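User: I'd like to learn how to read packing, pockets and cavities off a model. Can you walk me through one?

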Amino acid sequence: MAEAYIVEAVRTAGGKRGGALKDWHPADMAAEVLDALIERSGIDPALVEDVIMGCVGQAGEQAFHIGRNAVLASKLPQSVPAVTIDRQCGSSQQALQFAAQAVMSGTQDVVIASGVESMTRVPMGLPFTLPMQHGIGTGPFSKRIQDRFGVPMFSQFIGAEMITEKYQFRKEQLDAFALDSHRKAAHATEGAAFADEIVALSVVGEDGETRLHDRDEGIRFGATLEGIASVKLLKEGGKISAANASQICDGASGVLVVSERALKEHGLTPLARIVNLTVTAGDPVIMLEEVIPATARALQRSGMKIDEIDLYEVNEAFAPVPLAWLRETGADPERLNVNGGAIALGHPLGASGTKLMATLVHALKARGKRYGLQTMCEGGGIANVTIVEAL
């Protein structure tokens, strides 16, 4: 089978809800990422054969095909097609996997996988709550689904509490993990670890001055365990709080995926080679646990063992997810989310997949490491796993 390579991988710095990126239309924000991929790689933009864009909140400014609108807002020629996909939190990781599959099949040579989410301008849940606000429909879960699974709805918040109880995590463990995420993200930022992956965006500050937004806005540089522990629980009697869960975030990200033929013909230098693409699905109620069997399948299919992987990016949707993943896989905690995760850096839903990949491939390169594994828990009990080899 033909190989697929990542040539460039970039992301915006995360913006808090109502923060630095609040004035950026998501199509324009995504367009900046598309332009950066072309500029940094030096490839002729007319050679891009498709743009696959992940986005969860496909309503409002993210409706009417945000992928195509991002192309139209970018410097790419209008001849470049696009498609918008939704695999919930794994949308842009799936975009990467679709792009790699297109290249590996030989049907395309140059594809951009990307994602965008403005959680400020398109609040989470808007696509399904808006019709209900107008008295239309009963929501996305039909009675047939409710009867089959015995629940009125599927909730990631409930799933996170279920994982916490199943693995008997103490709240102190969740909070300590959250603190570690902030500390690692702060250290990475202060050491310029994100410099090569961030696309700086021009923003206007509260003082009216224009500046470049190039630092993730959600990092608490002075975070303490006491401060994290004091945050109100999301559910009375539970253990999940906003402080040990991912932050609402605005952002965009993308990777340029090419074939070996394109590498040679256009003189491109690869960052990484795609080793394995896996997606699995399981229990939609506990939902967030699927990263564990998905990782097992990815390792089995690639003929690898967990200790052969040098770095792991496991999305910090909620602290119990990576903690459960660590316990069940036997992975080395020192290799996990080495530059922090979504608890500190934010989780811009549809953009998080290629955001994490950008961080992973640049971290592998900076450390001189070889193999990286990325996985993402997703609504509906789905999980993606992507394994790459740094070059």
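Analyst: Sure. Keep in mind that this is a predicted model. Let's start with helix α11, residues 320-329, which is mostly covered, with 8 of its 10 residues buried.

User: Which residues of α11 are buried?

Analyst: In α11 the buried ones are Pro320, Val321, Pro322, Leu323, Ala324, Trp325, Leu326 and Thr329. Right after the helix, glycine 330 has a positive phi of about 75°.

User: And what covers the buried residues of α11?

Analyst: Their cover includes three helices, α6 (156-166), α7 (171-190) and α10 (291-302), along with strands β11 (311-314) and β12 (371-378).

User: Now the empty space. How do I read that?

Analyst: The general idea is that rolling a probe the size of a water molecule over the atoms shows where empty space is left. Here, the largest pocket holds about 1,300 Å³ of space. It is lined by 45 residues, and those closest to its centre are Met124, Gly125, Gln156, Phe157 and Leu349.

User: Which elements give two or more residues to that lining?

Analyst: Those are α4, α5 (143-149) and α6. The largest share comes from α4, with 3 residues.

User: Where is methionine 124 found?

Analyst: Methionine 124 sits in the loop between β5 (110-118) and α4 (126-133). Met124 also turns up on the surface: together with Phe157 and Leu234, Met124 makes a nonpolar patch of about 310 Å².

User: How many cavities of 30 Å³ or more does a search of the whole structure find?

Analyst: The search finds 2. The largest cavity has about 80 Å³ of space. Its lining has 13 residues, with Glu313, Gly340, Gly341, Lys355 and Leu356 nearest the centre. Elements giving two or more residues to this lining are β11, α12 (342-345) and α13 (352-367), and α13 gives the most, with 3 residues.

User: Let's zoom in on one residue. Is alanine 342 buried or exposed?

Analyst: Alanine 342 lies in helix α12. The cut-off for buried is under 20% relative accessible area. Alanine 342 has a relative accessible area of 4%, so it counts as buried.

User: What is alanine 342 in contact with, leaving aside its neighbours within four places in sequence?

Analyst: Alanine 342 touches Ser246, Gln247, Asn315, Glu316 and His347. You can also compare sequence with space: alanine 342 and lysine 184 are 158 residues apart along the chain, while their C-alpha atoms are separated by 11 Å.

Technical notes:
Residues numbered from 1 in each chain as written. Predicted model: local features only at pLDDT ≥ 70, side-chain atom pairs only at ≥ 80, totals over all residues. Heavy atoms only, no water. Patch = residues over 30% accessible without salt bridge, like charges linked within 9 Å, V, L, I, M, F, W, Y side chains within 5 Å. Areas by Shrake-Rupley, 256 points an atom, 1.4 Å probe, with all protein chains shown as cover. Salt bridge = Lys/Arg side-chain N within 4 Å of Asp/Glu carboxyl O. Helix = DSSP H or I, 4+ residues; strand = E, 2+ residues; numbered from the N terminus. Buried < 20%, exposed > 50% of the residue type's maximum accessible area, 1.4 Å probe, protein only. Contact = heavy atoms within 4.5 Å. 1 Å grid on protein atoms, 1.4 Å probe; cavity = no way out; pocket = protein on both sides within 12 Å on 5 of 7 lines; lining within 4 Å. Points joined across faces, edges and corners; volume = space filled by probe spheres on them.
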